[in-house]
Amino acid sequence: MAQGRRQAVMRRVVQAAADCIEEYGIQKTTIRAIAARAGMNSAAINYYFSSKDELVRLALERALNDAFDISGLQSGERDTPAQVLEELFAHWLIRVRGHPGIIRAYFYGPFVHQDYGDPAIRR
C-alpha cells in the first residue's frame with residue numbers, strides 16, 4: 001500500500017475514533033464501533049494501530065492540537081494584551097464547546113486516575 005494511502009486510512013480511523021469518543025464517551029468507545037464508523041473491519045484497525053489505547057491517544061492528541069491551533073487568530077499590532085487574550089479565549093471556546101465528549105475525555109485521566117501527565121493538562 002502506498003504511503004499516502006496508508007496515511008489517509010490512518011487519518012480516517014483517527015477521526016472515526018474521535019467521533020466515537022464524542023458520541024459514546026471514552027470508556028464505551030470500542031474498536032468495533034471505530035471500525036464501523038471508519039467503514040472497515042476490526043482486523044484492519046488492529047493492522048494499523050497496536051492498541052485501542054494508542055488509537056484513543058492519537059484521536060485525543062489530534063483534537064487537542066485542533067483546539068489549541070491559533071493560526072487563524074487575527075490580532076492587530078494596536079490590540080491591548082486584554083483584547084488579545086479575549087480573542088484567544090473566545091477562539092478556544094468556539095473550538096471546544098461543540099465537542100463536550102472530547103473535553104470529558106481530555107480530563108478523564110486526571111480526574112479518574114490522578115494522572116496529571118496527560119497532554120491536555122500539560123498544555
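Is glutamate 23 buried, partly exposed or exposed? I looked this up before anything else. Glutamate 23 has a relative accessible area of 49%, so I entered it as partly exposed. The cut-off matters here, because exposed means over 50%. I note that the model is predicted.

**Entry: salt bridges**

I searched for salt bridges and found two in the structure.

I took the one at glutamate 23 to begin with. Its partner is arginine 37, and the closest N and O atoms are 2.4 Å apart. I then checked where the two residues sit: glutamate 23 belongs to helix α1 and arginine 37 to helix α2, with their positions 14 residues apart, so I logged the pair as a link between distant parts of the chain. Arginine 37 has a relative accessibility of 35% and also counts as partly exposed.

The other bridge joins glutamate 61 to arginine 57, with 3.3 Å between the closest N and O atoms. I asked myself where this pair lies in the helix. Both residues are in helix α4, and because they are four residues apart, about one helical turn separates them. I looked up accessibility here too. Glutamate 61 is partly exposed at 36%, and arginine 57 is partly exposed at 43%.

**Entry: nonpolar core**

I turned to the largest nonpolar core, which has 31 residues. I listed the members that touch the most others: Val13, Ile34, Met40, Ile45, Phe49, Leu55 and Leu60. Next I asked which helices supply at least two residues of this core. I found α1 (3–24), α2 (31–38), α3 (42–48), α4 (52–67) and α6 (100–106). The largest share, nine residues, comes from α1.

I picked Val13 for a closer look. Leaving out residues up to four places away in sequence, I recorded contacts from valine 13 to Ile34, Ala38, Met40, Ile45, Phe49 and Leu55.

**Entry: second largest pocket**

I then looked up the second largest pocket, whose volume is about 230 Å³. Its lining has 14 residues, and those closest to the pocket centre are Ala18, Ala63, Asp66, His99 and Ile102. I checked which helices contribute: α1, α4, α5 (81–97) and α6 each give at least two residues to the lining. What is the make-up of this lining by residue class? I sorted the lining residues into seven nonpolar, two polar and five charged.

**Entry: cross-check**

I compared the helix lists for the core and the pocket. I see α1, α4 and α6 in the core list, and I see α1, α4 and α6 again in the list for the pocket lining.

Technical notes:
Residues are numbered from 1 along each chain as its sequence is written. This is a predicted model: local features need pLDDT of at least 70, side-chain atom pairs count only at pLDDT 80 or more; totals for chains, interfaces and linings use all residues. Side-chain values use heavy atoms; hydrogens and water are left out. A nonpolar core is a set of buried Ala, Val, Leu, Ile, Met, Phe, Trp, Tyr and Cys residues joined through side-chain atoms within 4.5 Å. Buried means under 20% relative accessible area, exposed over 50%, partly exposed in between (1.4 Å probe, protein chains only). Contact means heavy atoms within 4.5 Å. On a 1 Å grid over the protein atoms alone, a cavity is a set of points where a 1.4 Å probe fits but cannot get out, and a pocket is an open set with protein on both sides within 12 Å along at least five of seven lines; lining residues have an atom within 4 Å of a point. Grid points are joined across faces, edges and corners, and a volume is the space filled by probe spheres set on the points. Ala, Val, Leu, Ile, Met, Phe, Trp, Tyr, Cys and Pro count as nonpolar, Asp, Glu, Lys and Arg as charged, and the others, Gly among them, as polar. A salt bridge is a side-chain nitrogen of Lys or Arg within 4 Å of a carboxyl oxygen of Asp or Glu.
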